[in-house]
Amino acid sequence: MTSTDTERPLVLIIEDNPQTANALSMLLDDWGFAFVTAESPSAAVRLLGARVTEVQALITDYHLQYGFTGIKGAVAVANAVGHPVPTLVTTGFLERAECLDTFPVLSKPFDPSVLHQWLSFHLHPGGEPQH
């Protein structure tokens, strides 16, 4: 699923659970963000193509398919973009997430307002979200 209006900040969602990806997509769309969802880092880079450099924030699940983690995804995205991207890791298994010192983590299920605050802070610093 994508909403790639070039006037809106572009958020990349890496989530291998279709229901969770859909829920995140609906929230981001309601809040006025453009987004691309993918089930893996490599799928994300393929889907974005040349637009990968436009990614302004990443929301990634920690536990992805095939042994990938959101940490590896964040590194892959940063390499493709050319610089670190603000990253938020989500997980239903907080006790097994090994990224607490590297990236902020939201434990699933989470309050959408926390996600909105994080996005607003990183994509609209010093002001209110632009809708």
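Let me start with one residue, Thr60, which sits in strand β4. The model on the screen is a predicted one, and I will use Thr60 as the way in.

Is Thr60 buried or exposed? Thr60 is buried, because its relative accessible area is 0%, and the limit for buried is under 20%. Which residues cover it, leaving out those up to four places away in sequence? Thr60 touches Ile14, Gly70, Thr87, Leu88, Val89 and Thr90. Two of those names come back when we look at strand pairing. Ile14 stands opposite Thr60, and Thr60 also stands opposite Val89 in β5.

So much for the single residue; now the strand. Of the 7 residues of β4, 6 are buried, so the strand is largely enclosed by the rest of the structure. β4 pairs with β2 through 5 bridges, and the two run parallel. β4 also pairs with β5, residues 87-91, through 4 bridges, again in parallel.

Next, β2. How many of its 5 residues are buried? The count is 5 of 5, so β2 too is largely enclosed by the rest of the structure. Look at its two faces. Leu10, Leu12 and Ile14 point to one side, Val11 and Ile13 to the other, and all of these are buried. Besides β4, β2 has β3 as a partner: the pair is parallel, with 5 bridges. Within that pairing, Leu10 stands opposite Ala34 of β3.

Now to β5, where I pick Thr90. Thr90 is buried, because its relative accessible area is 1%, against a limit of under 20%. What does Thr90 contact, once neighbours within four places in sequence are left aside? The list is Glu15, Ile59, Thr60, Asp61, Tyr62, Leu106, Lys108 and Phe110.

With those strands in mind, we can turn to the nonpolar cores. The largest one has 20 residues. Which members touch the most other members? They are Leu12, Ile14, Leu48, Val55, Leu58 and Val77. At least two residues of this core come from each of β2 (10-14), β3 (34-38), α2 (41-48), β4 (55-61) and α3 (70-81). Apart from this core lies another, of 15 residues, and Leu24, Leu28, Trp118 and Leu119 are among them.

Leu58 is worth following by hand on the model. Setting aside neighbours within four places in sequence, Leu58 contacts Leu12, Ile14, Gly73, Ala74, Val77, Val85, Pro86, Thr87, Leu88 and Trp118. Trp118 in that list is one of the residues I just named from the other core.

Let me step back to the whole chain. It has 4 helices and 6 strands. Read from the N terminus, the order is β-β-α-β-α-β-α-β-β-α. The chain has 131 residues, and 47% of them count as buried. If we take contacts between residues at least 6 apart in sequence, 67% join residues at least 24 apart. The exposed surface is about 6,900 Å², with 55% of it supplied by carbon and sulfur atoms.

Some details in the loops now. Arg51 lies in the loop between α2 and β4. The side chain of Arg51 makes a polar contact of 2.7 Å with that of Glu54. Arg51 is also 30 residues from Val81 in sequence, while their C-alpha atoms are 8.9 Å apart in space.

Two loop residues have backbone geometry to point out. As background, most residues other than glycine have a negative phi, and most peptide bonds are trans. Tyr66, in the loop between β4 and α3, has a positive phi of about 60° although it is not a glycine. Is Tyr66 buried or exposed? Tyr66 is exposed, because its relative accessible area is 72% and the cut-off for exposed is over 50%. The other case is Pro109, in the loop between β6 (105-107) and α4 (112-123). The peptide bond from Lys108 to Pro109 is cis, with omega near -10°. Lys108 is also one of the contacts of Thr90.

Last, confidence. The average pLDDT of the chain is 85, and 84% of the residues score at least 70. Where does pLDDT stay under 50? That stretch is residues 127-131, for which the model has 9 contacts beyond four places in sequence.

To close where we started: Thr60, in β4, stands opposite Ile14 and opposite Val89 in β5.

How values were computed:
Residues numbered from 1 in each chain as written. Predicted model: local features only at pLDDT ≥ 70, side-chain atom pairs only at ≥ 80, totals over all residues. Heavy atoms only, no water. Core = buried A, V, L, I, M, F, W, Y, C linked by side-chain atoms within 4.5 Å. Buried < 20%, exposed > 50% of the residue type's maximum accessible area, 1.4 Å probe, protein only. Contact = heavy atoms within 4.5 Å. Areas by Shrake-Rupley, 256 points an atom, 1.4 Å probe, with all protein chains shown as cover. pLDDT = per-residue confidence, 0-100. Polar contact = N/O pair within 3.5 Å; in protein donor to acceptor, adjacent residues only side chain to side chain. Pairing = 2+ DSSP bridges.
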